[in-house]
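The following note sets out some points for consideration. Please read each one alongside the sequence and the structure.

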Amino acid sequence: MTKMMNKTYWEDRYRNKEDFWNAKSITTPIQAYIDQLTDKSIQILVPGVGHGHELVYLHNQGFTRSIGLDFTTLAFEQTIQAEPNLSKDDVVVEDFFKHQGTYDLIVEQTFFCSLPVEQRKDYVQKMHELLQPEGKLVGLLFDTVFDKQTPPYGGSKEEYLALFEPYFTIEVMERAFNSIKPRQDRELFIILKKKTWHKKSF
């Protein structure tokens, strides 16, 4: 397993307060998307849940069939100290690539950018596998390249289109107009719908 993708690595980063990507609350583009959803019975996954602000918001808005997924609940436990309606049991502690389940919606918030670049194709394929027919992957991707050897890793719209188009219909992949200030003009908002095809077409 790649060094970046293990429990010890991420717990060390949280303990050492090397989690500068933590926005402290749900970010505006994802909140706006959730706020326009009307069916609160849908099954939702938040992979790489981290501090879990998106998961907390979903539960507080009545989306009780939503769960998080991560190698550790360490950061999430810090967030929910003031959230009596949630517990660490709302997060499945597991390797994303080994997770089994099907979801109507998967929320992407800084999980993609935490993975080594060489795992991005595997990420796309796994997301496709986890979604129900017509299911959607919604969230944010960094629209910038970081000059560093540790997460977060960025990229470009052209790169992301090449990765996702074989597996998803690109409904939206545009510069976010309502990013939080530290990420202004550096994010793409995405709505990607799972493509379905007959197995014999491969």
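**Notes on the predicted model**

1. Order of elements. In this predicted model, the elements of the chain follow the order α-α-β-α-β-α-β-β-α-β-α-β-β from the N terminus on. That order comprises 6 helices and 7 strands.

2. The chain as a whole. Of the 202 residues in the chain, 51% are buried. The exposed area of the chain is about 10100 Å², and carbon and sulfur atoms contribute 49% of this area. Among contacts with a separation of 6 or more, 66% join residues that are 24 or more positions apart.

3. Helix 5 and helix 6. Helix 5 covers residues 120-130, and helix 6 covers residues 157-164. The axes of these two helices come within 10 Å and cross at roughly 50°. Helix 5 is therefore oblique to helix 6, since the angle lies outside the range of 65 to 115 degrees that counts as roughly perpendicular and is not under 35 degrees, the cut-off for roughly parallel. The crossing of the two helices is right-handed.

4. Residues at the helix crossing. Helix 5 contributes R120, K121, Y123 and V124 to the contact, and helix 6 contributes E159, Y160, L163 and F164. Sorted by class, the contact between helix 5 and helix 6 has 5 nonpolar residues, 3 charged residues and no polar residues.

5. Y160. Is Y160, a residue of helix 6, buried or exposed? Y160 counts as buried because its relative accessibility is 1%, and the cut-off for buried is under 20%. Apart from residues up to four places away in sequence, Y160 touches F112, R120, L141, F142, G154, G155, M173 and L188. One of these, R120, is 40 residues from Y160 along the chain, and the C-alpha atoms of the two are separated by 9.4 Å. R120 and Y160 also belong to the groups of residues through which helix 5 and helix 6 meet.

6. E187. What surrounds E187, once its neighbours within four places in sequence are left aside? E187 is in contact with L140, L141, D143, E174, R175, A176 and S179. The residue is placed in strand 7, which covers residues 187-194. With a relative accessible area of 2%, E187 is buried.

7. A shared neighbour. L141 deserves a look in the viewer. L141 is among the residues that Y160 touches, and L141 is also among the contacts of E187.

Definitions and conventions:
Residues are numbered from 1 along each chain as its sequence is written. This is a predicted model: local features need pLDDT of at least 70, side-chain atom pairs count only at pLDDT 80 or more; totals for chains, interfaces and linings use all residues. Side-chain values use heavy atoms; hydrogens and water are left out. Helices (H or I, at least four residues) and strands (E, at least two) are DSSP runs, numbered from the N terminus. Buried means under 20% relative accessible area, exposed over 50%, partly exposed in between (1.4 Å probe, protein chains only). Contact means heavy atoms within 4.5 Å. Accessible areas come from the Shrake-Rupley method with a 1.4 Å probe; for residues, only the protein chains shown count as cover. Axes are lines fitted to C-alpha atoms, for helices over the stretch in contact, and angles run from 0 to 180 degrees between N-to-C directions. Angles under 35 degrees count as roughly parallel, over 145 as roughly antiparallel, 65 to 115 as roughly perpendicular and the rest as oblique. A crossing is left-handed if the near helix is turned anticlockwise from the far one by less than a right angle, and right-handed if clockwise. Ala, Val, Leu, Ile, Met, Phe, Trp, Tyr, Cys and Pro count as nonpolar, Asp, Glu, Lys and Arg as charged, and the others, Gly among them, as polar.
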